[in-house]
Amino acid sequence: MSLKTEPLVVNIGPQHPSTHGVFRLRVTLDGERIIDAEMIVGYLHRSIEKLAEERTWTQNIPFTDRMDYLAAMTGNLAYCSAVEKLAGIEVPERAQYLRVIFAELQRIASHAMANGTFINDCGAWQTPLMHMFREREKILDLFEMTCGARLTLNYMRIGGVAFDIPDEFMPALEELMDELPDRIAEYEDLLLDNEILLMRGRDVGVLPAEMAINASISGPMLRGSGVAWDIRKADPYAVYDRFEFDIPVGHNGDSFDRFLVRMEEVRQSVRIIRQAMGQLPPGPFCATVPLNVRPPAGEVYSRIESPKGELGYYLVSDGGPTPYRYKVRPPSLINLSALKQMMIGTSISDAVVTLGSIDINVGEIDR
Amino acid sequence: MTAATAFLSGHQVAERITASLPGAVVEATEGWVVVAAERLVETCRLLHDDAELDARFLALISGVDRYDYFEVVYQLSSLAKNQRFALKVYIEEHEEPEIPSVSSIWLGAHLQEREIYDLMGIRFSGHPDLKRLFLWEGFPGFPLRKDFMTLPEGFKPGLQRFPKEDPESWGGEARVP
């Protein structure tokens, strides 16, 4: 006897805990196999690119916090370094080091969040996430100590940073850096051999290296597929060329590999911060830049390695007080280019794991 | 120590394109190379497959509204050779601009072209699923166009926020159509 089956359309989101925001995924199912997947976004669209054309170059910095709100520092850094490149502003050395320290702290915080929610999506409800949050909390305390904010930091300025670090910052950072490697080892002890996590993550959401490059995928996703590409190494910005660190890569390109890459990147970030702490020079923390910066007419594409991937800014200036065009390259959106290919053929329960391992941030997708 | 990414000038890229596809290049400058819209797809195929340029990673597509024409800018890079360059296409038509889609070459172009269509209204012919990305079907107009929301007479977008600005000092008049 043959059974007639009809494809079933299921909406995952926009209100769903595993979508990490207001993201909707419409999957078509045959039994429990996914035969088609489509993403529907725009629930958080604020048209930042249009708003930015009406504000001065400096007034646009807070917008960068509100795109990837889990990695506001790297958003600040990407925008400020793009404007500096366009205007030809020289950044003092101390500011460069502070930027590296804060960008790497932000990477640790963002990866803690990504890995915590990934394990959450795999079924370990809340406990591992709260463990990851413990480390993130200490980093947010460091941010608060320095600039008064915890999430939307608005810390960097065109030409440097807004404030120097307070006296109590370095001892607290030292303590955190001593603690983190042990904590990472603890998580690896708990998680890497965990059978449930391996079964949920291995061979789920596989992304071959060739397709990853073709789909413009960057960051831990690209490295998880085995491509050793990191803009910090390939095209060093700030003072990244002065530090020693490795690029972790995966082999299978599956969800578990992306998780491992993020875990190892935290360790490498600790290495970078330690070196930067040792080399931190005295001096001014911000260049003398007019409040209303006016880059000369021209255009620039500048990119950095954000926790999610290649975060780029394409800025066009006509010499006026506001940007003529302010275009963001959002890694969260572009990393979803191969979503359909990664999901087709897997089961509906794996869709959540695949999406969790991509580490999207809806604030950055929709802008 | 690592070396920075090499930036290929528009002249270098233009030379390479012209060797295989004469007539495709419209203009070349230090920063970018401009290609004729109708020869975009074959040029991109060449850039993607070329051993020397190896533009297998499409970093970004973005549109720029220049009031009387549109620019579409492609930031291309090679991960293996650690180099990058920029490619531009000009669209003279301002009401219903249309250029060929490159999503058959790069999977990464798929979402980016949809975004540009959504916010700037540039149609990409040959795109498999061209529809709005962020806004809903039927949304009036394209927000990133400079003439979106024509404002009452006398109001200049952006400038009224800066009452002390003298528009003459930076040629601000030219920005308002």
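This passage walks through a predicted model of a two-chain complex, from its confidence to its interface and some local features.

The predictor assigns the complex an ipTM of 0.85 and a pTM of 0.87. For chain B, the mean pLDDT is 81, with 82% of the residues at 70 or more. Within this chain, confidence peaks in strand E5 (residues 70-78) of chain B, at a mean of 92, and is lowest in helix H4 (residues 167-170) of chain B, at 54. Over residues 171-177 of chain B the pLDDT falls below 50, and this stretch has nine contacts in the model beyond near neighbours in sequence.

A good place to begin is where the chains meet. The contact draws 39 residues from chain A and 35 residues from chain B. On the side of chain A that touches chain B, two or more residues each come from helix H1 (48-52), helix H8 (209-214), helix H10 (231-234), strand E7 (309-317), strand E8 (325-329) and helix H12 (331-334) of chain A. E7(A) provides the largest share of this side, four residues. By residue type, the same side of chain A divides into 16 nonpolar, ten polar and 13 charged residues.

Chain A also offers a neat example of strand pairing. Strand E1 (residues 8-12) of chain A pairs with strand E2 (residues 24-30) of chain A in the antiparallel sense, over five bridges. In this pairing, Ile12(A) stands opposite Leu25(A) in E2(A). E2(A) is in turn joined to strand E3 (residues 33-40) of chain A by seven bridges, and these two strands also run antiparallel. Here Arg24(A) stands opposite Ile40(A) in E3(A). E2(A) and E3(A) form a hairpin with two residues between them, and Gly31(A) in the turn has a positive phi of about 70 degrees. In a regular strand, side chains alternate between the two faces of the sheet.

Elsewhere in chain A, Ala103(A) lies in helix H4 (residues 93-122) of chain A. Ala103(A) counts as buried because 28 C-beta neighbours lie inside 10 Å, where 20 or more are needed. Leaving aside residues up to four places away in sequence, Ala103(A) touches Met73(A), Thr74(A) and Leu77(A). Ala103(A) and Ser306(A) are 203 residues apart in sequence, with their C-alpha atoms 8.2 Å apart in space.

In chain B, helix H1 (residues 10-20) shows how buried residues can be arranged along a helix: Gly10(B), Val13(B), Ala14(B) and Ile17(B) are buried. Viewed down the axis of H1(B), its buried residues fall within an arc of 100 degrees, and therefore line one face of the helix. The cover over the buried residues of H1(B) includes strand E2 (25-28), strand E3 (33-35), helix H2 (40-49) and strand E6 (83-91) of chain B.

Two further residues deserve a look for their backbone angles. Ser216(A) has a positive phi of about 60 degrees although it is not a glycine. Ser216(A) is placed in the loop between H8 and helix H9 (220-224) of chain A, and it counts as buried because it has 29 C-beta neighbours inside 10 Å. Asp54(B), likewise not a glycine, has a positive phi of about 50 degrees. Asp54(B) sits in the loop between H2 and strand E4 (57-65) of chain B. With 17 other C-beta atoms within 10 Å, Asp54(B) is partly exposed.

Note on methods
Residues are numbered from 1 along each chain as its sequence is written. Chains are lettered from A and ligands numbered from 1 in the order in which they are written. This is a predicted model: local features need pLDDT of at least 70, side-chain atom pairs count only at pLDDT 80 or more; totals for chains, interfaces and linings use all residues. Two residues are in contact if their C-beta atoms, placed from the backbone, lie within 7 Å. Ala, Val, Leu, Ile, Met, Phe, Trp, Tyr, Cys and Pro count as nonpolar, Asp, Glu, Lys and Arg as charged, and the others, Gly among them, as polar. A residue is buried if 20 or more other C-beta atoms lie within 10 Å of its own, exposed if 12 or fewer, and partly exposed in between; C-beta atoms are placed from the backbone. The arc is that of the directions from the helix axis to the C-beta atoms. pLDDT is the predictor's confidence in each residue, from 0 to 100. Two strands pair if DSSP finds at least two bridges between them.
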